Amino acid sequence: MPAKRVRFSAHALLKFRVLAGHGLRLLREQVADVVSNPTTVNEGYRGRKIAQGPLDTHRVLRVIYEERADEILIITFYPGLRERYEKNQI
């Protein structure tokens, strides 16, 4: 079965610029890779999912997305501290 197409919401596209303004430059491929190969996935609001993957030694990247029949829509994403989001993981 072919992989679903990944699409970014207008808010997610803006988020790339906002984070770059704070010195964190991410590529679309990095964000999509977290959804494709997450270390964890949690349920979010309104049926959305939260995928999480490593960003660097101190941070994780969290990606909020909706899985639809024909695509994955990335709503937003943000970095988080590993100590906060990985505290219950080994």
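**Entry 1. Helix α2**

I began with the outward face of α2, the one turned away from its buried side, and found the exposed residues E29 and S36 there. For these notes, exposed means over 50% relative accessible area, buried under 20%, and partly exposed in between, with a 1.4 Å probe and protein chains only. Helices and strands are DSSP runs numbered from the N terminus, with H or I over at least four residues for a helix and E over at least two for a strand.

I note that this is a predicted model, in which local features need pLDDT of at least 70 and side-chain atom pairs count only at pLDDT 80 or more, whereas totals for chains, interfaces and linings use all residues. Residues are numbered from 1 along each chain as its sequence is written, and side-chain values use heavy atoms, with hydrogens and water left out.

I then looked up the buried side of α2 (residues 28-36), where V31, A32, V34 and V35 are buried. These residues cover an arc of only 150° around the axis, so they lie on the same side of α2; the arc is taken from the directions from the helix axis to the C-beta atoms. Among the elements that cover the buried residues of α2 are β1 (5-8), α1, β3, β4 and β5. Contact here means heavy atoms within 4.5 Å.

**Entry 2. Nonpolar core**

I next examined the largest nonpolar core, which has 16 residues. Such a core is a set of buried Ala, Val, Leu, Ile, Met, Phe, Trp, Tyr and Cys residues joined through side-chain atoms within 4.5 Å. The members that touch the most other members are L26, V31, V35, L61, V63, I74 and F77. Two or more residues of this core come from each of α1, α2, β4 and β5. For I74, leaving out residues up to four places away in sequence, I listed contacts with V6, R7, F8, S9, A12, V31, A32, V35, V63, I64 and Y65.

**Entry 3. Aromatic rings**

I searched for ring pairs, taking rings of Phe, Tyr and Trp (its six-membered ring) with centres within 6.5 Å; planes under 30 degrees apart count as stacked, over 60 as edge-to-face and the rest as tilted. The count comes to three aromatic pairs. One of them, F16 with F77, is tilted, at 4.7 Å centre to centre and 55° between the planes. F16 belongs to helix α1 (residues 10-21) and F77 to strand β5 (residues 71-81), so the pair ties together parts that are 61 residues apart in sequence. Both F16 and F77 are buried, and with F8 they form one aromatic cluster.

**Entry 4. Strand pairing**

I followed the strands in sequence order, with two strands taken as paired if DSSP finds at least two bridges between them. β2 (residues 40-43) pairs with β3 (residues 49-54) in the antiparallel sense over four bridges. One bridge sets E43 against K49 of β3. β2 and β3 form a hairpin with five residues between them, and R46 in the turn has a positive phi of about 55°.

β3 also pairs with β4 (residues 59-67), in the antiparallel sense over six bridges, and the hairpin they form has four residues between the strands. In β4, K49 has Y65 as its bridge partner. β4 in turn pairs with β5 in the antiparallel sense over nine bridges, with three residues between them in the hairpin. R59 is bridged to L81 in β5.

**Entry 5. R62 in β4**

Is R62 buried or exposed? I found R62 buried, with a relative accessible area of 8%. R62 is in strand β4. Seven of the nine residues of β4 are buried, so the strand is largely enclosed by the rest of the structure.

R62 is the bridge partner of Q52, and the side chains of R62 and Q52 are also joined by a polar contact of 2.5 Å. A polar contact is a pair of N or O atoms within 3.5 Å; within protein, one must be able to donate a hydrogen and the other to accept it, and residues adjacent in sequence count only if both atoms are side-chain atoms. Apart from neighbours within four places in sequence, R62 is in contact with N42, I50, A51, Q52, T76, F77, Y78 and Y85.

**Entry 6. T39**

I closed with T39, in the loop between α2 and β2. T39 counts as partly exposed at 48% relative accessibility. Not counting residues up to four places away in sequence, T39 touches Q52, G53 and P54. T39 and H22 are 17 residues apart in sequence and 25 Å apart in space, C-alpha to C-alpha.
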